[in-house]
Amino acid sequence: MKRNLVVIAALLNALSLLASAGTISGKVSGVSGESVVYVEAIAGKTFPAPTEKPVIDQKGLMFQPHLVVVQQGTTVEFLNSDKVAHNVFWISVGGNKKLGHNLGTWPQGEKKSFKFDTPGAVPLLCNVHPEMSAYIVVTPTPYFATTDKSGNYKIENVPDGSYTVTAWHEGAKNQSKPTTVAGEGKADFTLSK
Amino acid sequence: MRSRRPLISLTLLLLTLAVLSSSSYAIPAFSRQYGTSCATCHVDFPKLNDFGKAFKDAGFKFPKDDESFLKVPPVMLGAPAQKDLWPHTIFPGTIPGLPPIGLRFNTFFQVVSKNRNDINAANLANPGTFIPRTDFQPGLFSIFMAGNFGSDIAFWVDEDLSVGGSNADGGLGDGYLKFVNVGRFFKLPTDSLSLRIGQFELDLPFSPARSHNLSGWDIFDEANIGAMSSLVPEQNVNNAFAMSSAAQGIEFSGGHTYRGYHYSLAIVNQNTGGNPSSGDTVQPVVGFFSDSNFKDLYGRFSYRFNLERDPASRNEVQAAGATGPRDHTYLNLGSFYFYGRSVQRFQGANGVLTAREPFYRLGGDFSFNYHAFNLYGMYMYGHDKNLTLFPDAETATGFQSGVPATFSGGFLQADYMLAPWVMGIMRYDVVKSSADRINTFGTELSPLSATRNRFTPGVQFLIHANIKAALEYQIRPQQTVFDSDGNRIAKPFRTNSAVADLEFVY
């Protein structure tokens, strides 16, 4: 009997969460190309790290894809598909140069992994091909989205509440705005370089 | 018998030009085609890193899987399937999707020490070139094209559109086709035989034409014109050929320059005048001329020991460093030999006499690299057989062997990358010659023998990967010159000079 009550309570809780999950949408303007919009850290809330490991490839002297957004605690795998030697390093995470790291060298077809525990943008570089670059944006919450070609975005499954939402774009200054979600929330950004 | 004063003046002028306009090239055309930085192939352009050496060895292609790196697809001059129809159709090839053109310009500023004109002051009746204390000088404006036509056929053409601001002084540098790995048709090991045809710089241990130094290595520019002092036995040698001279001919080569063995064997036009010759320079008059009827020979063999501990890394194009790929730690040892004939014509008692003086150049070289530090150098010995008129200049009917004209020398240079964009250089050049062209002003001032040496510290900054600022200071220790009575007759022509250079390629 007691076990049944627990199950029912859990189901009700889950249903209530779903019922209160909303969206944050808006538009990022002032820049062209893909931007990232994410919910900043929520006081008192932590989120389990995803088990999925996104892969960033080095192919044809390019990082592919150019932009990857991951939740804090995600492990990213770096693959070298080229028949030339490559390297991956970053000089900072979120501007903090103490978090710079160099993954070294590894042969074609092999991967190296790294777990990103600190939120912020990670500018990836290759020290033998200076033109190569990519970005990992590490977000403190699982609530993030990238913009479409028009700059529109939509973050799904955000619980009702008040948040700080940040927009990031390569080479532009971050912009943060407070947003309240009550089923829906809205935040537009105009970024500048 | 011969007036050497014009030759000496010309030599001084050429030396000044050599100081001010060393040819060097990086290839923006490849940057455009592959969408990659100059730094992919160059340490400090035009000095190649290990990948750049492999790229060049492969015929201006990525050593493996070249097509996947091209950002601008080549234009097909025939479908690949046409290969199966050959010889009933033209073998399909490609041309680069963009005209593979690169341009380069450089400009100089130099400051020369106070004694720069002392040698002229000692001979005001017939002075040589007066040199200003400071001077701004435009250098080269060059166009160069290079790439691959598919089927492992590479090409290179570079042309100086102007030199020193004068449109008239330019000329073809290298222009050749290279058939890479033709040994496959004879079932030889991969890359063991390639063929290069056209006008090219000899496969020297270190390329004067593509050197990152502002001034050329003296030993590569050394001609052999024999002693001019009346105190030594007569030498009629007048061979303006220098190892840096362009050659016209055919070259067989094989191996790699980034690991293991490398060889080349070239058969090139005879060259006495210091310029590559063609048939129409053979003139039946007194003087010295190049004569393409005879072919000079050049051979080189080198072996590079990659010294990485990890065997897998040792055999790769670049070593796997802890913080990324880098040039190998290596020791490269090599040797080279050039054999030719120098053609001179004299007025004999019964007409013009032709002397074909055999000469050779023999040398050895090394290069040691450890991470960002590269120490390298070479030694060369030059020997020209000296044919003097027999029985004497007035009644000459033939030639007899005289005292050979010889010289020797080399250089030792260290490059250190203080940062990926800053290279520090220290270099020592030495040439010991029985007729040092730098210090001689005429037969009356000629030293019996001379050791010409200089220290050249320098620093180079990459402002961008394609823009460079460079500075070098040439320190020439003074050398005493005595007349036939043993008196010191003039301060020698040994000037220190500082040269600054700005150059860009695009």
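A:Gln58 stands opposite A:Phe63 in strand E4 of chain A, where strands are DSSP runs of E of at least two residues, numbered from the N terminus. Strand E3 (residues 55-59) of chain A pairs with E4(A) in the antiparallel sense over three bridges, pairing being assigned if DSSP finds at least two bridges between two strands. This is a predicted model, in which local features need pLDDT of at least 70 and side-chain atom pairs count only at pLDDT 80 or more, while totals for chains, interfaces and linings use all residues. Residues are numbered from 1 along each chain as its sequence is written, and chains are lettered from A in the order in which they are written.

The open sheet of four strands runs in the order E4-E3-E6-E9 (chain A), with mixed pairing. Its edge strands are tabulated here.

| Edge strand (chain A) | Residues | Partner strands |
|---|---|---|
| E4 | 62-64 | a single one |
| E9 | 111-116 | a single one |

Because E4 and E9 of chain A each have a single partner strand, one side of each is left without a neighbour in the sheet.

The largest nonpolar core (buried Ala, Val, Leu, Ile, Met, Phe, Trp, Tyr and Cys residues joined through C-beta atoms within 7 Å; buried means 20 or more other C-beta atoms within 10 Å of the residue's own, with C-beta atoms placed from the backbone) has 99 residues, and A:Ile136 and A:Phe144 are among those that touch the most other members. Strand E11 (residues 133-139) of chain A gives the most to this core, with five residues.

Terms used:
Buried ≥ 20, exposed ≤ 12 C-beta atoms within 10 Å, placed from the backbone.
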